[in-house]
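These are my notebook entries on what I looked up in this structure. I kept them in the order in which I worked.

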Amino acid sequence: MKGTYLGEFEEVVLLAVAIRTGDAYGAAVVHEIEQQLGRTVNLGAVHTALYRLEEKGLVKSEMGGATPERGGRSKRLYVVTAAGRRALEEIRQLRNQMWETIPKIAWS
Amino acid sequence: MSMPKQNIPPRWATWLLQCFCPAHRANEMEGDLTELFEMRVKLSGLRQARWRYVQDVFSLLRPSLLKSKPDAYPNPSHTDMLRTYITIAFRNLAKNRTYSAINIVGLSVGMTTAILIGLWMWDELSYNQYHHHYDRIARVMQHQSYNGTTSTTLATPLPMRAALQSEHAGEFTHIASSSWTEDHILSAGEKKISRKGNCVEPDFPSMMSLRIIKGTATGLDNPSSALLSASVAEALFGGEDPINKTIRVDSKDYFKVTGIYEDLPYNTEFRDVTFLLPWKYFLAETPWVKRSETNWSNNSFLLLVQIAPNTTFEKVSAKIEKIKARHAKEEARFDPKAFLHPMSRWHLHSEWENGAAVRGRIQFVWLFGIIGGFVLLLACINFMNLSTARSQKRAKEVGVRKAVGSRRSQLIAQFLSESIMVAMFAFVLGLLMVQVLLPWFNHIADKQITFPWGDHQSWLIGLGFTFVTGILAGSYPALYLSGFRPVKVLTGAGASLRMQAGRFAALSRQTLVIVQFTVSITLVIGTLVVLGQIRHAKNRPVGFDRSGLLSVDMNTPDLLATSRAFRHDLLQTGAAINLAKSSSPAAEVWSSDASFSWPGKDPAQLGDLGTVGITHEYGRTVNWQIREGRDFSPDFPTDSLAMVINESAARFMGLKEAVGTRVQWNGAAYTIIGVVHDIITGSPFMPVQPAVFMLREDWASFIHIRLNPALTAADAISKLEPVFKKYNPGSPFEYKFASEEYDRKFRTEERIGQLATTFASLAIFISCLGLFGLASFFAEQRRKEIGIRKVLGASVASLWKMLSKDFLILVTIACLVAMPIAYYVMHDWLQHYTYRITISWWIFAVTIFGAMVITLITVSFQAVKAALLNPVKSLQNE
């Protein structure tokens, strides 16, 4: 298989998980994406993406502690796996590669 | 307005989440939702946060998140499959245009009806809820017994108010006497308008939670200030600030405007109260009211109370029950019982019979609710019938899909998405129809309903309702057909298939058609009875000549003082050929007196006769018909002690020779000089009230004018107007046509008639639509059979007979079921009216005949089409 295909939204979510290392869970990811990208994100979309990423082995999760602002409910904490990191780097590298092959003439 | 209690997310959304969320996911999802909510409240406010919360809950409704097994592999192709289902559903709908159109139109008509009736019921049930203290307000009412029957009135004697205040003060937080809502002339400068209003005690505004826009509500403490509703203030003062401006009421007294309140909504008891005057003024200016302050026998006043928070209506009612009997010994013989009638029951539960509450208006709410449910049911039955009928055709498709590897759940999803899609289309179409029909509906139902487009709760109900309809209608093909074994279907075991699906399905379809037609026929019979009853009452001899009779309310002092000159001037215009004054409108009797006595009167009987004061010309003006004796005449000076009575009075008094009888009343002897044919009073469905007419110009409050028939009404009125302006400069010229006033008496019945006609037509329409669909389906199913029969020599007529017969049998059964039901229900309804029709056989005959004809027309179209088809075409492909 030629690398795992990552959707644009999955990529954003994976990046957000990486940014919030140690404190990445549904609401935190929503918050992070809304702050960084300034776009409105649905919780359902984020959860679906996290789920799928976990199935693809790009993140792994464990249950974390509860805090009062969550009404005492616990959270599922995600961390990026080695495969996840590789996938991100691959994407970045592919993008850079493509950037570099754009001829100057394209920006007229 | 209501203070924000706590920043909590919408509870129903949380509940929804808990409904669908699998247990192992619930904790983290709820946690995330709560955290985001708290954050958003701080960032962008409560509204935004709540809205986003709802969005998030819905966004969590995803197949991949809903799997109940924690480690199950979510199906990545789920959304793709959904798209496929929808595509296929679309293609199926487009392929069978007739079926789809019948389904969608039928269902949307049913939904439109259900939505309209739902809105109407909601409006009825939420009546009076505008008032904050709605569940603690009551009016004081009384039961009293006369001649062995108990009557119930909401008029109380005036001293009761003071007695409640002094003896039971602890039970009430507010007590307010009020006058009845009546028309008055309001003027400010040159502006003059006629509006309805009440004189009330100062507690009224806070009790009814009037929303004060400008000024204060305290003005009612002062006898010369007034509160106006916003619309009246606007009409009198336009854009100016009305506070402290002066208005004049009925061209008499001046009031200072001290407060403006928000107009009361249409669905409250006090919707007509557009201004308030102080009770103190009413008391001071109206001598008979002043005299009533100590009179326990005059039941003429409205008394409103708000009970204290620590008590109940029942407890207070028990305490005040004997209050009148205690204070007024002479009234005790009527066994008066005071009680509280709570505001929440005023609108729907205000009918009394012999001292007990009876059904009242609430029965219409349930009746229409049931009808709405039935019409929707009819539409759903069509839907089910057509989809099951058609689903047999799709058995092959099911077989192929299964053979290729579809799972049963996927087939179910396919069928359900089709039916839900149809329901969705129907819902959208239904909403459009509701929007278009609302003005008309409001007109015939006397409402001001608007569709709550902005209310997300009603949308949720609507969507849920659509889903349920879709799932219900799609359940049969979904569950039954998806269970087929592909081997059986595909090996061409057509016969066994028909054994499997045909027998039961056909039987249930037939039952459903019978149910449909039973409902439709019942509604049609009901409608015919209602319309017949209205026509019956309209054809009843009225007893006077309504056309060209005009009446003017003499509510200003200028008109009361009118003279011979006024009369002369009116006649001089040529527009009026006669005029007279009286104390009640032409088809009403507004007062009665119980103290008449006549020879042969049973001493135990109360002589309660309606009393009307008239002038000499009254009889000739309204054109009443003398049956015996003579009319009043200026040639007989003794007529000041004479009476004309109506036929009902003659019967009531038990007089054989009425003319010449002497009647004792108020210490004087009156001679009956004439008996007139009954003029219908009150409801045209009820017996005419026994009444006596006497010459009493001083009682007069209406002027009746007989217009010159040679002129058009508009011409006549334009000629009369200057005379009224001359003699009554203070008020606008307001008049009523007797014919219109009379027609008003039929309004409730006509409203029922119109609604019933509408619903019955809809039911017939939906049923026929279903019949049409089924007929075309059967015709198509039997195409080969028809082809073979034709080849063997069957005529078109015999084929038509063959195809129509089955349906006629079903409709006949429906008629047989519907007739007794309709008879029973309508017989019961007619008992409300004394003057009523008997349900005659021709109503049933006409309905059955009509149903047969409509069935034949509907079915024939398809049957003839099938019978005319060239057999070569239907037989060639095998």
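**Entry 1, Leu276(B).** I listed the contacts of Leu276(B), leaving aside neighbours within four places in sequence, and found Asn198(B), Val200(B), Phe204(B), Leu210(B), Leu220(B), Ala226(B), Leu227(B) and Tyr261(B). The model is a predicted one, and I read these contacts with that in mind. Leu276(B) belongs to strand β11, which spans residues 275-278 of chain B. I then looked up the accessibility of Leu276(B): its relative accessible area is 0%, so the residue counts as buried. For one of the partners, Leu227(B), I also took the C-alpha separation from Leu276(B), which is 5.1 Å although the two residues are 49 positions apart along the chain.

**Entry 2, Thr621(B).** Which residues does Thr621(B) contact, leaving aside its neighbours within four places in sequence? I found Leu549(B), Asn578(B), Leu579(B), Ala580(B), His704(B), Ile705(B) and Arg706(B). Thr621(B) sits in helix α22, residues 618-622 of chain B, and with a relative accessible area of 0% this threonine is buried.

**Entry 3, Gln414(B).** I next turned to Gln414(B), which is part of helix α16, running over residues 408-445 of chain B. Is Gln414(B) buried or exposed? Its relative accessibility is 2%, so Gln414(B) counts as buried, given that the cut-off for that class is under 20%. Not counting residues up to four places away in sequence, Gln414(B) touches Tyr85(B), Ile88(B), Ala89(B) and Arg401(B). I also took the C-alpha separation between Gln414(B) and Ala580(B), which is 78 Å for two residues 166 positions apart along the chain; Ala580(B) had already appeared in my notes as one of the contacts of Thr621(B).

**Entry 4, helix α15 of chain B.** I asked which residues of α15(B), residues 395-404, are buried, and noted Ala395(B), Val398(B), Gly399(B) and Lys402(B). These residues cover an arc of only 100 degrees around the axis, and therefore lie on the same side of α15(B). The spacing fits the general rule that an α-helix has 3.6 residues a turn, so residues three or four places apart point the same way. On the face of α15(B) turned away from the buried side I found the exposed residues Lys396(B) and Val404(B). Following the helix is Gly405(B), with a positive phi near 125 degrees.

**Entry 5, positive phi outside glycine.** I looked up two asparagines of chain B. Asn244(B) has a phi near 70 degrees, which is positive in a residue other than glycine, and its place is the loop between α8 (230-237) and β9 (246-249) of chain B. Asn244(B) is partly exposed, because its relative accessibility is 49% and the exposed class begins over 50%. Asn354(B), again a residue other than glycine, has a positive phi near 50 degrees; this asparagine lies in the loop between β14 (351-353) and β15 (356-358) of chain B.

**Entry 6, annotated regions.** I compared the UniProt record with the model. For chain B, an unreviewed entry places "domain: MacB-like periplasmic core" at residues 100-322 and 519-721. I computed the secondary structure over residues 100-322 of chain B and obtained 30% helix and 34% strand, with the end C-alpha atoms 68 Å apart. The record, also as an unreviewed entry, places "domain: ABC3 transporter permease C-terminal" at residues 370-482 and 758-867 of chain B. Over residues 758-867 of chain B I found 86% helix and 0% strand, and an end-to-end C-alpha separation of 35 Å. For chain A, the UniProt annotation "domain: Transcription regulator PadR N-terminal" (unreviewed entry) covers residues 15-90; that span is 51% helix and 20% strand, and its end C-alpha atoms are 13 Å apart.

**Entry 7, chain B as a whole.** Finally I took the totals. Chain B has 30 helices and 26 strands, and its C-alpha atoms fill a box of roughly 105 × 80 × 55 Å along the principal axes. Of its 878 residues, 49% are buried. Among the contacts of chain B with a separation of 6 or more, 78% join residues 24 or more positions apart. Chain B exposes about 41,600 Å², of which carbon and sulfur atoms supply 59%. I counted 91 positive and 72 negative side chains in chain B, and the centres of the two sets are 13 Å apart.

Notes. Residues numbered from 1 in each chain as written. Chains lettered and ligands numbered in written order. Heavy atoms only, no water. UniProt positions renumbered as here; feature names shortened; annotations may be inferred. Buried < 20%, exposed > 50% of the residue type's maximum accessible area, 1.4 Å probe, protein only. Contact = heavy atoms within 4.5 Å. Areas by Shrake-Rupley, 256 points an atom, 1.4 Å probe, with all protein chains shown as cover. Lys, Arg positive; Asp, Glu negative; His and termini not counted. Charge placed at Lys NZ, Arg CZ, Asp CG, Glu CD. Arc of directions from axis to C-beta.
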